[in-house]
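Please open the model in your viewer with the sequence panel beside it, and keep the selection tool at hand. The tour moves from one selection to the next and says what is found at each stop.

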Amino acid sequence: MTTLHPRLAADTGALGETDLCWMRWMRDARFPWLIVVPKRDGLREWHHLPAPEQGRLLATVNHLAGELERVTGADKINLGALGNLVPQLHVHVIARFEGDPCWPGPVWGQGEPVPVDTAPEWLHRLRLPE
């Protein structure tokens, strides 16, 4: 049974899941930010997934990116699968706005997160993939 990395579990809230992925939201009030985590043991890299699952992961990420853009009116959607601190494969989908606290740089390692426990309003308007 695959489990969610403890840091991802602590830093994110549950949003939904498919048979392939957990969909989560980052508990940082500075940014509308989603995380997609394949439910597969031992994966560190996207290319470690079998090709059909790579396509399904891409479809999920693309769907969520479009939804995040729609509900937030973001100027830019950032995607990333870094995994330098958390080795479990996970994909970040982040809505960015000109003038946000880290613009135009990356969100990682910039400023301090603003923790939030209550799901933000924009999250309730997302249409999740089937």
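The stops below take in a strand, its partners, a pocket, a cavity, some charged pairs, the cysteines and two prolines.

**Before you start**

This is a predicted model, in which local features need pLDDT of at least 70 and side-chain atom pairs count only at pLDDT 80 or more, while totals for chains, interfaces and linings use all residues. Residues are numbered from 1 along each chain as its sequence is written, and side-chain values use heavy atoms, with hydrogens and water left out.

**Stop 1: strand E5**

Select residues 91-96, which make up strand E5; helices (H or I, at least four residues) and strands (E, at least two) are DSSP runs, numbered from the N terminus. Because 6 of its 6 residues are buried, E5 is largely enclosed by the rest of the structure; buried means under 20% relative accessible area, exposed over 50%, and partly exposed in between, with a 1.4 Å probe and protein chains only. Colour the two faces separately and you will find Val91, Val93 and Ala95 on one side and His92, Ile94 and Arg96 on the other, all of them buried.

Now add the partners of E5, remembering that two strands pair if DSSP finds at least two bridges between them. Strand E3 (residues 33-38) runs antiparallel to E5 and is joined to it by 4 bridges, and within this pairing Trp33 stands opposite Ile94. Strand E4 (residues 76-80) also pairs with E5 in the antiparallel sense, over 5 bridges, and here Ile77 is the residue that stands opposite Ala95.

**Stop 2: the largest pocket**

Trp33 leads on to the next selection, since Arg7, Asp11, Met26, Trp33 and Trp108 are the lining residues that lie nearest the centre of the largest pocket. On a 1 Å grid over the protein atoms alone, a pocket is an open set of points with protein on both sides within 12 Å along at least five of seven lines, whereas a cavity is a set where a 1.4 Å probe fits but cannot get out; lining residues have an atom within 4 Å of a point. The volume of this pocket is about 580 Å³, a volume being the space filled by probe spheres set on the points, which are joined across faces, edges and corners.

In total 25 residues line the largest pocket, and they divide into 12 nonpolar, 7 polar and 6 charged. In this grouping Ala, Val, Leu, Ile, Met, Phe, Trp, Tyr, Cys and Pro count as nonpolar, Asp, Glu, Lys and Arg as charged, and the others, Gly among them, as polar. Select helix H1 (residues 6-11) to see the element that gives the most to this lining, with 4 residues.

**Stop 3: the cavity**

How many cavities of 30 Å³ or more does the structure hold? There is 1, with a volume of about 30 Å³. To find it, select Arg44, Ala81, Leu82, Gly83, Pro87, Gln88, Leu89 and His90, which line it; by class they are 4 nonpolar, 3 polar and 1 charged.

**Stop 4: salt bridges**

The structure holds 10 salt bridges, each a side-chain nitrogen of Lys or Arg within 4 Å of a carboxyl oxygen of Asp or Glu. Return to Arg96 and show Asp100 as well: their side chains meet in a salt bridge at 2.7 Å, N to O, and both residues are buried.

Next, select Glu67 and Arg70, whose closest N and O atoms are 2.6 Å apart in a salt bridge. Because they are 3 residues apart in helix H2 (residues 51-72), about one helical turn separates them. Glu67 is buried at 6% relative accessibility, whereas Arg70, at 40%, is partly exposed.

Glu121 and Arg125 form another salt bridge, at 2.6 Å from N to O, and Arg125 is partly exposed, with a relative accessible area of 38%. Then add Arg127 to the earlier pair, for salt bridges that share partners join Glu67, Arg70 and Arg127 into one network.

**Stop 5: cysteines and prolines**

With a disulfide taken as a pair of cysteine sulfur atoms within 2.5 Å, the count is 0. Select Cys21, which is buried at 0% relative accessibility, and Cys102, which is also buried, at 10%.

Pro32 sits in the loop between strand E2 (21-26) and E3 and is buried, with a relative accessible area of 11%. Finish at Pro104, in the segment after E5, where a cis peptide bond joins Trp103 and Pro104, with omega about 0°.
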